[in-house]
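User: I would like to learn how to read a protein model, starting with the whole and ending with single residues. Where should we begin?

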Amino acid sequence: MFGHGAPAPSLLKRIYEWPKAELRLRTLGLFVMGNSCSNHLGIPPAKGPHPVGCTDFMLDHTVHGSFFRLYYPCQESDKAEKPDWVPCREYFNGLADFMKINRAISERIFNYLFGSYKIPAYMDAPFKANAPCPVVIFSHGLGAFRTLYSAICAELASQGFIVASVEHRDESSSATYYFREMAEEEKAKPSVPKTCATDPDHMVKVWMYYRALKHGESEFPLRNKQVKQRADECILALERLEEINLGRPLQNVLKTEFDWTTLESSMDLCRIAVMGHSFGGATAIEALCKEVKFKCGVALDAWMFPLDEEIFPRVKQPLFFINSERFQWAGNISRMRKLDSAVIQRKMITIRGTVHQSFPDFTFLTGNWIGKLMKLKGEIDPELAIDLSNKASLAFLQRHLGLEKNFNQWDPLINGEDDNLIQGTNVTILQSSI
(Lines give C-alpha, C1' and ligand atoms only; values in the text may rest on other atoms or scores of the structure.)
Protein backbone atom coordinates (compact mmCIF):
# COMPACT_ATOMS: atom_id res chain seq x y z
CA MET A 1 0.00 0.00 0.00
CA PHE A 2 2.64 2.52 1.02
CA GLY A 3 5.11 1.25 -1.54
CA HIS A 4 8.70 2.30 -2.06
CA GLY A 5 9.93 4.71 0.62
CA ALA A 6 6.68 4.61 2.70
CA PRO A 7 6.45 8.36 3.46
CA ALA A 8 3.34 8.17 5.66
CA PRO A 9 4.73 5.57 8.10
CA SER A 10 7.96 7.57 8.39
CA LEU A 11 6.07 10.67 9.45
CA LEU A 12 3.94 8.89 12.04
CA LYS A 13 7.00 7.11 13.36
CA ARG A 14 8.89 10.39 13.75
CA ILE A 15 5.94 11.90 15.62
CA TYR A 16 5.74 8.93 17.95
CA GLU A 17 9.49 8.85 18.66
CA TRP A 18 9.79 12.50 19.66
CA PRO A 19 11.25 12.46 23.17
CA LYS A 20 8.89 14.94 24.82
CA ALA A 21 5.59 13.23 25.58
CA GLU A 22 3.72 16.52 25.77
CA LEU A 23 4.92 17.62 22.33
CA ARG A 24 4.11 14.19 20.91
CA LEU A 25 0.57 14.28 22.27
CA ARG A 26 0.02 17.81 21.00
CA THR A 27 1.15 16.78 17.55
CA LEU A 28 -1.11 13.75 17.55
CA GLY A 29 -3.90 16.05 18.72
CA LEU A 30 -3.24 18.33 15.75
CA PHE A 31 -3.31 15.27 13.50
CA VAL A 32 -6.75 14.34 14.80
CA MET A 33 -8.03 17.94 14.69
CA GLY A 34 -6.75 18.38 11.16
CA ASN A 35 -8.86 15.46 10.08
CA SER A 36 -11.97 16.18 12.16
CA CYS A 37 -12.25 19.70 10.75
CA SER A 38 -13.13 18.25 7.33
CA ASN A 39 -16.88 17.77 7.00
CA HIS A 40 -17.17 15.95 3.71
CA LEU A 41 -14.83 12.99 4.10
CA GLY A 42 -15.89 9.53 2.97
CA ILE A 43 -15.32 6.94 0.28
CA PRO A 44 -17.21 8.10 -2.84
CA PRO A 45 -20.18 6.01 -3.96
CA ALA A 46 -19.94 3.98 -7.13
CA LYS A 47 -21.23 5.69 -10.29
CA GLY A 48 -22.39 2.74 -12.39
CA PRO A 49 -25.99 1.66 -13.05
CA HIS A 50 -25.97 -1.23 -10.54
CA PRO A 51 -26.13 -1.07 -6.75
CA VAL A 52 -23.17 -2.91 -5.24
CA GLY A 53 -23.08 -5.77 -2.75
CA CYS A 54 -20.09 -7.33 -1.05
CA THR A 55 -19.36 -10.42 0.99
CA ASP A 56 -16.33 -12.27 2.33
CA PHE A 57 -15.25 -15.73 1.21
CA MET A 58 -12.78 -17.93 3.04
CA LEU A 59 -12.56 -21.23 1.23
CA ASP A 60 -10.48 -23.65 3.36
CA HIS A 61 -9.84 -22.43 6.90
CA THR A 62 -6.07 -22.98 6.76
CA VAL A 63 -3.36 -20.52 5.79
CA HIS A 64 -3.28 -22.18 2.36
CA GLY A 65 -6.92 -21.42 1.59
CA SER A 66 -8.35 -18.54 -0.42
CA PHE A 67 -9.58 -15.39 1.31
CA PHE A 68 -11.17 -12.51 -0.56
CA ARG A 69 -13.87 -9.87 -0.47
CA LEU A 70 -16.28 -10.23 -3.37
CA TYR A 71 -17.96 -7.18 -4.92
CA TYR A 72 -20.91 -7.77 -7.25
CA PRO A 73 -24.03 -6.13 -8.74
CA CYS A 74 -26.80 -6.56 -6.18
CA GLN A 75 -30.52 -6.21 -5.71
CA GLU A 76 -31.87 -3.23 -3.79
CA SER A 77 -32.51 -4.21 -0.19
CA ASP A 78 -33.80 -2.32 2.84
CA LYS A 79 -32.18 -4.81 5.21
CA ALA A 80 -28.62 -4.70 3.88
CA GLU A 81 -26.13 -2.44 5.65
CA LYS A 82 -22.75 -1.07 4.62
CA PRO A 83 -19.86 -2.74 6.47
CA ASP A 84 -17.07 -1.01 8.34
CA TRP A 85 -14.16 0.00 6.15
CA VAL A 86 -11.68 -1.55 8.62
CA PRO A 87 -13.29 -4.85 9.71
CA CYS A 88 -11.91 -5.10 13.27
CA ARG A 89 -9.28 -3.76 15.68
CA GLU A 90 -6.62 -6.30 14.72
CA TYR A 91 -6.28 -4.54 11.36
CA PHE A 92 -5.55 -1.28 13.19
CA ASN A 93 -2.88 -3.18 15.15
CA GLY A 94 -1.46 -4.48 11.88
CA LEU A 95 -1.27 -0.98 10.43
CA ALA A 96 0.53 0.16 13.59
CA ASP A 97 3.05 -2.69 13.29
CA PHE A 98 3.58 -1.91 9.62
CA MET A 99 4.24 1.74 10.45
CA LYS A 100 6.41 0.74 13.44
CA ILE A 101 4.42 2.77 15.95
CA ASN A 102 2.91 1.86 19.31
CA ARG A 103 -0.29 -0.20 19.05
CA ALA A 104 -2.05 1.25 22.09
CA ILE A 105 -1.70 4.87 20.96
CA SER A 106 -2.20 4.25 17.25
CA GLU A 107 -5.27 2.04 17.71
CA ARG A 108 -7.13 4.84 19.46
CA ILE A 109 -6.08 7.36 16.84
CA PHE A 110 -6.87 5.09 13.90
CA ASN A 111 -10.21 4.17 15.39
CA TYR A 112 -11.07 7.84 15.94
CA LEU A 113 -9.97 8.85 12.44
CA PHE A 114 -11.21 5.90 10.41
CA GLY A 115 -13.41 3.72 12.62
CA SER A 116 -16.72 5.25 11.49
CA TYR A 117 -16.21 4.95 7.73
CA LYS A 118 -18.17 2.45 5.68
CA ILE A 119 -17.54 0.55 2.45
CA PRO A 120 -19.67 1.90 -0.46
CA ALA A 121 -21.40 -1.48 -0.85
CA TYR A 122 -24.10 -3.47 0.94
CA MET A 123 -22.94 -6.43 3.00
CA ASP A 124 -24.41 -9.79 1.92
CA ALA A 125 -27.02 -8.12 -0.31
CA PRO A 126 -28.68 -10.55 -2.76
CA PHE A 127 -26.88 -10.97 -6.08
CA LYS A 128 -28.63 -9.38 -9.06
CA ALA A 129 -28.72 -11.87 -11.92
CA ASN A 130 -28.37 -10.34 -15.37
CA ALA A 131 -26.08 -11.41 -18.18
CA PRO A 132 -22.93 -13.25 -17.02
CA CYS A 133 -20.46 -10.79 -15.50
CA PRO A 134 -16.81 -10.36 -16.50
CA VAL A 135 -14.42 -11.00 -13.62
CA VAL A 136 -11.55 -9.00 -12.12
CA ILE A 137 -9.12 -10.32 -9.50
CA PHE A 138 -7.64 -7.43 -7.48
CA SER A 139 -4.35 -7.50 -5.54
CA HIS A 140 -3.65 -4.99 -2.75
CA GLY A 141 -0.39 -3.20 -2.02
CA LEU A 142 2.24 -3.70 0.65
CA GLY A 143 0.83 -3.26 4.15
CA ALA A 144 -2.78 -3.16 2.94
CA PHE A 145 -5.63 -5.71 3.11
CA ARG A 146 -8.76 -6.69 1.23
CA THR A 147 -11.00 -3.71 2.10
CA LEU A 148 -8.72 -0.73 1.42
CA TYR A 149 -9.46 -0.33 -2.30
CA SER A 150 -13.24 -0.26 -2.10
CA ALA A 151 -13.64 2.85 -4.29
CA ILE A 152 -12.07 0.97 -7.20
CA CYS A 153 -13.66 -2.43 -6.59
CA ALA A 154 -17.16 -1.04 -5.96
CA GLU A 155 -17.00 1.08 -9.12
CA LEU A 156 -16.13 -1.97 -11.23
CA ALA A 157 -18.99 -3.93 -9.65
CA SER A 158 -21.41 -1.07 -10.29
CA GLN A 159 -20.46 -1.32 -13.96
CA GLY A 160 -21.34 -5.03 -14.09
CA PHE A 161 -18.14 -6.81 -12.99
CA ILE A 162 -17.65 -9.39 -10.28
CA VAL A 163 -14.49 -8.42 -8.38
CA ALA A 164 -12.52 -10.57 -5.94
CA SER A 165 -10.22 -8.45 -3.76
CA VAL A 166 -7.71 -10.95 -2.41
CA GLU A 167 -6.24 -10.68 1.09
CA HIS A 168 -2.71 -11.98 0.75
CA ARG A 169 -1.16 -14.35 3.27
CA ASP A 170 2.48 -13.90 2.28
CA GLU A 171 3.14 -11.61 5.27
CA SER A 172 2.87 -8.51 3.09
CA SER A 173 -0.60 -7.60 4.42
CA SER A 174 -0.54 -5.44 7.52
CA ALA A 175 -2.86 -8.07 9.01
CA THR A 176 -4.85 -11.11 7.94
CA TYR A 177 -6.07 -14.30 9.57
CA TYR A 178 -7.00 -17.93 9.14
CA PHE A 179 -8.37 -20.58 11.50
CA ARG A 180 -7.13 -23.72 13.18
CA GLU A 181 -9.27 -26.44 14.64
CA MET A 182 -9.68 -26.51 18.42
CA ALA A 183 -7.85 -29.20 20.32
CA GLU A 184 -10.08 -31.49 22.41
CA GLU A 185 -8.96 -29.85 25.67
CA GLU A 186 -9.85 -26.43 24.22
CA LYS A 187 -13.35 -27.61 23.35
CA ALA A 188 -13.88 -28.70 26.96
CA LYS A 189 -13.09 -25.21 28.31
CA PRO A 190 -15.78 -22.54 28.66
CA SER A 191 -16.36 -20.93 25.31
CA VAL A 192 -14.73 -17.56 24.65
CA PRO A 193 -17.05 -15.01 23.00
CA LYS A 194 -16.47 -14.69 19.27
CA THR A 195 -14.74 -11.54 18.07
CA CYS A 196 -16.84 -11.64 14.91
CA ALA A 197 -20.28 -13.10 14.21
CA THR A 198 -19.06 -14.77 11.03
CA ASP A 199 -16.34 -16.79 12.81
CA PRO A 200 -16.95 -20.56 12.62
CA ASP A 201 -17.67 -22.68 15.67
CA HIS A 202 -14.94 -24.87 17.20
CA MET A 203 -12.21 -22.92 15.41
CA VAL A 204 -9.50 -20.61 16.72
CA LYS A 205 -8.67 -17.47 14.77
CA VAL A 206 -4.94 -17.10 14.04
CA TRP A 207 -3.68 -13.64 13.09
CA MET A 208 -0.78 -13.03 10.73
CA TYR A 209 0.90 -9.63 10.69
CA TYR A 210 3.25 -7.87 8.33
CA ARG A 211 6.79 -9.22 8.32
CA ALA A 212 9.40 -6.47 8.29
CA LEU A 213 12.84 -6.99 6.83
CA LYS A 214 15.29 -8.36 9.36
CA HIS A 215 18.49 -6.50 10.11
CA GLY A 216 20.92 -7.04 7.24
CA GLU A 217 18.37 -9.00 5.19
CA SER A 218 18.40 -8.53 1.43
CA GLU A 219 14.99 -7.32 0.23
CA PHE A 220 14.76 -8.85 -3.22
CA PRO A 221 14.65 -12.57 -2.23
CA LEU A 222 11.79 -11.88 0.21
CA ARG A 223 9.76 -9.71 -2.17
CA ASN A 224 10.35 -12.04 -5.10
CA LYS A 225 9.13 -15.01 -3.05
CA GLN A 226 6.12 -12.98 -1.93
CA VAL A 227 5.14 -11.82 -5.42
CA LYS A 228 5.12 -15.42 -6.62
CA GLN A 229 2.89 -16.49 -3.72
CA ARG A 230 0.64 -13.49 -4.28
CA ALA A 231 0.17 -14.41 -7.93
CA ASP A 232 -0.66 -17.98 -6.89
CA GLU A 233 -3.26 -16.62 -4.45
CA CYS A 234 -4.85 -14.59 -7.26
CA ILE A 235 -5.00 -17.71 -9.42
CA LEU A 236 -6.44 -19.74 -6.52
CA ALA A 237 -9.18 -17.12 -6.03
CA LEU A 238 -10.02 -17.43 -9.72
CA GLU A 239 -10.16 -21.22 -9.44
CA ARG A 240 -12.57 -20.95 -6.52
CA LEU A 241 -14.78 -18.56 -8.49
CA GLU A 242 -14.78 -21.05 -11.35
CA GLU A 243 -16.05 -23.75 -8.97
CA ILE A 244 -18.73 -21.42 -7.60
CA ASN A 245 -19.77 -20.57 -11.15
CA LEU A 246 -20.15 -24.26 -11.94
CA GLY A 247 -22.36 -24.77 -8.88
CA ARG A 248 -19.94 -27.14 -7.18
CA PRO A 249 -20.52 -27.53 -3.44
CA LEU A 250 -18.07 -25.39 -1.49
CA GLN A 251 -18.10 -24.40 2.15
CA ASN A 252 -17.46 -20.80 3.07
CA VAL A 253 -15.71 -21.01 6.42
CA LEU A 254 -17.15 -17.62 7.34
CA LYS A 255 -20.79 -17.78 8.42
CA THR A 256 -22.10 -14.99 6.23
CA GLU A 257 -25.72 -14.48 5.22
CA PHE A 258 -24.92 -14.37 1.51
CA ASP A 259 -26.39 -17.17 -0.60
CA TRP A 260 -23.42 -18.02 -2.77
CA THR A 261 -25.43 -20.57 -4.80
CA THR A 262 -27.04 -17.60 -6.58
CA LEU A 263 -23.65 -17.05 -8.24
CA GLU A 264 -23.97 -20.25 -10.28
CA SER A 265 -23.54 -19.37 -13.99
CA SER A 266 -23.16 -15.70 -13.04
CA MET A 267 -19.65 -15.19 -14.42
CA ASP A 268 -18.30 -14.88 -17.93
CA LEU A 269 -15.10 -16.84 -17.48
CA CYS A 270 -13.90 -16.06 -20.98
CA ARG A 271 -13.52 -12.44 -19.83
CA ILE A 272 -11.18 -12.29 -16.86
CA ALA A 273 -8.66 -9.59 -15.94
CA VAL A 274 -6.18 -9.06 -13.10
CA MET A 275 -5.52 -5.71 -11.47
CA GLY A 276 -3.51 -4.36 -8.55
CA HIS A 277 -1.80 -1.39 -6.92
CA SER A 278 1.90 -1.00 -6.09
CA PHE A 279 3.06 -4.47 -4.95
CA GLY A 280 -0.31 -5.58 -6.30
CA GLY A 281 0.63 -4.14 -9.69
CA ALA A 282 3.72 -6.36 -9.72
CA THR A 283 1.47 -9.22 -8.59
CA ALA A 284 -0.82 -8.62 -11.58
CA ILE A 285 2.15 -8.88 -13.95
CA GLU A 286 3.37 -12.09 -12.29
CA ALA A 287 -0.16 -13.51 -12.51
CA LEU A 288 -0.39 -12.67 -16.23
CA CYS A 289 2.81 -14.64 -16.77
CA LYS A 290 1.52 -17.64 -14.80
CA GLU A 291 -2.10 -17.83 -15.96
CA VAL A 292 -3.32 -17.31 -19.54
CA LYS A 293 -6.94 -17.20 -18.37
CA PHE A 294 -6.21 -13.60 -17.44
CA LYS A 295 -6.87 -11.86 -20.75
CA CYS A 296 -5.36 -8.50 -19.73
CA GLY A 297 -4.01 -6.60 -16.74
CA VAL A 298 -4.10 -3.15 -15.17
CA ALA A 299 -1.16 -2.12 -12.96
CA LEU A 300 -1.81 0.93 -10.78
CA ASP A 301 1.45 2.69 -9.87
CA ALA A 302 3.24 -0.65 -9.99
CA TRP A 303 6.30 -1.32 -7.85
CA MET A 304 8.41 -3.38 -10.25
CA PHE A 305 11.25 -4.30 -7.87
CA PRO A 306 9.91 -7.74 -6.77
CA LEU A 307 9.75 -9.16 -10.32
CA ASP A 308 12.30 -11.31 -12.14
CA GLU A 309 13.00 -9.58 -15.44
CA GLU A 310 13.12 -12.97 -17.14
CA ILE A 311 9.32 -13.19 -16.91
CA PHE A 312 8.75 -10.04 -18.97
CA PRO A 313 8.96 -11.72 -22.42
CA ARG A 314 6.51 -14.37 -21.18
CA VAL A 315 3.73 -11.86 -20.51
CA LYS A 316 1.64 -12.18 -23.68
CA GLN A 317 -1.50 -10.29 -22.62
CA PRO A 318 -2.28 -6.57 -23.02
CA LEU A 319 -1.15 -4.49 -20.05
CA PHE A 320 -2.07 -0.98 -18.91
CA PHE A 321 0.14 1.04 -16.52
CA ILE A 322 -1.68 3.88 -14.74
CA ASN A 323 0.90 5.84 -12.76
CA SER A 324 0.92 8.68 -10.26
CA GLU A 325 2.98 11.77 -10.97
CA ARG A 326 4.95 11.81 -7.72
CA PHE A 327 5.87 8.18 -7.04
CA GLN A 328 7.67 6.88 -10.09
CA TRP A 329 11.40 7.02 -10.75
CA ALA A 330 13.62 6.21 -13.72
CA GLY A 331 14.62 2.70 -12.67
CA ASN A 332 11.02 1.63 -12.09
CA ILE A 333 9.78 3.11 -15.39
CA SER A 334 12.70 1.44 -17.19
CA ARG A 335 11.50 -1.95 -15.95
CA MET A 336 7.97 -1.17 -17.15
CA ARG A 337 9.39 -0.26 -20.56
CA LYS A 338 11.01 -3.69 -20.78
CA LEU A 339 7.49 -5.05 -21.21
CA ASP A 340 6.97 -2.93 -24.36
CA SER A 341 5.94 -4.97 -27.39
CA ALA A 342 5.43 -4.29 -31.07
CA VAL A 343 2.59 -6.83 -31.27
CA ILE A 344 0.90 -6.77 -27.83
CA GLN A 345 -0.74 -3.59 -26.60
CA ARG A 346 1.09 -1.92 -23.75
CA LYS A 347 -0.26 1.42 -22.57
CA MET A 348 0.96 3.88 -19.96
CA ILE A 349 -0.56 7.08 -18.62
CA THR A 350 0.26 9.32 -15.67
CA ILE A 351 -2.35 11.25 -13.69
CA ARG A 352 -1.19 14.79 -12.97
CA GLY A 353 -1.08 15.94 -9.37
CA THR A 354 -1.32 12.43 -7.89
CA VAL A 355 0.74 10.59 -5.29
CA HIS A 356 1.15 6.88 -4.62
CA GLN A 357 -1.72 6.95 -2.12
CA SER A 358 -4.16 8.40 -4.67
CA PHE A 359 -5.38 4.86 -5.37
CA PRO A 360 -6.24 3.35 -1.92
CA ASP A 361 -9.24 4.69 0.01
CA PHE A 362 -7.08 6.56 2.54
CA THR A 363 -6.93 9.49 0.13
CA PHE A 364 -10.66 10.18 0.66
CA LEU A 365 -10.55 9.94 4.44
CA THR A 366 -8.05 12.59 5.46
CA GLY A 367 -8.47 16.35 5.48
CA ASN A 368 -6.68 18.40 2.88
CA TRP A 369 -3.67 19.67 4.82
CA ILE A 370 -3.01 16.54 6.84
CA GLY A 371 -3.52 14.41 3.72
CA LYS A 372 -0.91 16.37 1.84
CA LEU A 373 1.45 16.41 4.83
CA MET A 374 1.28 12.62 5.00
CA LYS A 375 1.38 12.26 1.20
CA LEU A 376 -2.04 10.62 1.20
CA LYS A 377 -3.32 13.32 -1.16
CA GLY A 378 -1.83 15.07 -4.15
CA GLU A 379 -2.69 18.41 -5.72
CA ILE A 380 -5.58 16.96 -7.74
CA ASP A 381 -9.03 16.38 -6.26
CA PRO A 382 -8.86 12.71 -5.12
CA GLU A 383 -12.32 11.90 -6.53
CA LEU A 384 -11.32 13.28 -9.94
CA ALA A 385 -8.11 11.24 -9.86
CA ILE A 386 -9.86 7.95 -9.04
CA ASP A 387 -12.57 8.73 -11.59
CA LEU A 388 -9.95 9.14 -14.34
CA SER A 389 -8.23 5.93 -13.27
CA ASN A 390 -11.49 3.96 -13.14
CA LYS A 391 -12.77 5.23 -16.50
CA ALA A 392 -9.45 4.56 -18.23
CA SER A 393 -9.40 1.05 -16.71
CA LEU A 394 -12.97 0.35 -17.86
CA ALA A 395 -12.16 1.48 -21.41
CA PHE A 396 -9.09 -0.77 -21.46
CA LEU A 397 -11.04 -3.72 -20.07
CA GLN A 398 -13.77 -3.30 -22.68
CA ARG A 399 -11.22 -3.19 -25.47
CA HIS A 400 -9.37 -6.33 -24.42
CA LEU A 401 -12.17 -8.41 -22.90
CA GLY A 402 -14.45 -7.78 -25.87
CA LEU A 403 -17.25 -6.24 -23.78
CA GLU A 404 -20.39 -4.80 -25.33
CA LYS A 405 -20.62 -1.79 -23.04
CA ASN A 406 -20.28 1.95 -23.48
CA PHE A 407 -16.88 2.18 -21.80
CA ASN A 408 -15.29 2.99 -25.16
CA GLN A 409 -16.51 6.56 -24.63
CA TRP A 410 -13.43 6.84 -22.41
CA ASP A 411 -10.99 5.44 -25.00
CA PRO A 412 -9.15 8.80 -25.27
CA LEU A 413 -8.08 8.40 -21.64
CA ILE A 414 -6.10 5.27 -22.54
CA ASN A 415 -3.92 7.53 -24.70
CA GLY A 416 -3.61 10.23 -22.05
CA GLU A 417 -5.97 12.61 -23.85
CA ASP A 418 -7.15 14.76 -20.97
CA ASP A 419 -5.84 17.91 -19.32
CA ASN A 420 -5.17 15.92 -16.14
CA LEU A 421 -3.28 13.12 -17.88
CA ILE A 422 0.18 12.64 -19.34
CA GLN A 423 0.65 10.15 -22.16
CA GLY A 424 3.36 7.81 -20.96
CA THR A 425 5.36 9.18 -18.05
CA ASN A 426 6.58 12.43 -16.56
CA VAL A 427 9.85 10.71 -15.63
CA THR A 428 12.90 11.30 -17.82
CA ILE A 429 14.79 8.10 -18.54
CA LEU A 430 17.90 7.57 -20.63
CA GLN A 431 17.48 5.33 -23.66
CA SER A 432 20.52 3.37 -22.50
CA SER A 433 18.70 2.36 -19.32
CA ILE A 434 15.77 0.73 -21.15
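**From the whole chain to one serine**

Analyst: Begin with the contacts across the whole protein. Among contacts with a separation of 6 or more, 75% are between residues 24 or more positions apart. Keep in mind that this is a predicted model.

User: How many helices and strands does the protein have, and what share of its residues count as buried?

Analyst: The secondary structure comes to 12 helices and 12 strands. Of the 434 residues, 59% count as buried. The accessible surface comes to about 18300 Å², and carbon and sulfur atoms hold 51% of that.

User: Let us take one strand. Which strands are joined to β4 by bridges?

Analyst: As a general idea, side chains in a regular strand alternate between the two faces of the sheet. Now the case here. Strand β4 covers residues 133-139. With strand β8 (residues 267-277) it shares 6 bridges, and the two run parallel. I137 of this pairing stands opposite V274 in β8. Strand β5 (residues 162-166) is joined to β4 by 5 bridges, also in parallel. There, V135 stands opposite I162.

User: Which helix belongs with β4 and β5 in a β-α-β unit, and what is the hand of that unit?

Analyst: The helix is α5, residues 150-158, and the unit is right-handed.

User: How many residues of β4 are buried?

Analyst: The count is 7 of 7, so the strand is mostly covered; buried here means a relative accessible area under 20%.

User: Take S139 in β4. Is S139 buried or exposed?

Analyst: S139 has a relative accessible area of 0%, so this residue is buried.

User: What does S139 touch beyond its neighbours within four places in sequence?

Analyst: S139 is in contact with H168, R230, C234, M275, G276, H277, G280 and T283. With R230 there is a polar contact, side chain to side chain, at 3.1 Å.

User: How do I check the length of a helix, say α7?

Analyst: The general idea is that an α-helix has 3.6 residues a turn, so residues three or four places apart point the same way. For length, use the rise of 1.5 Å a residue. Helix α7 (residues 219-246) has 28 residues and should therefore span 40 Å; its end C-alpha atoms are 41 Å apart, which agrees.

User: Which residue follows α7, and what is its phi?

Analyst: G247 follows, and its phi is positive, near 80°.

Definitions and conventions:
Residues numbered from 1 in each chain as written. Predicted model: local features only at pLDDT ≥ 70, side-chain atom pairs only at ≥ 80, totals over all residues. Heavy atoms only, no water. Helix = DSSP H or I, 4+ residues; strand = E, 2+ residues; numbered from the N terminus. Buried < 20%, exposed > 50% of the residue type's maximum accessible area, 1.4 Å probe, protein only. Polar contact = N/O pair within 3.5 Å; in protein donor to acceptor, adjacent residues only side chain to side chain. Contact = heavy atoms within 4.5 Å. Areas by Shrake-Rupley, 256 points an atom, 1.4 Å probe, with all protein chains shown as cover. Pairing = 2+ DSSP bridges. Right-handed = clockwise from strand over helix to strand, strands pointing away. Expected span 1.5 Å × (residues − 1).
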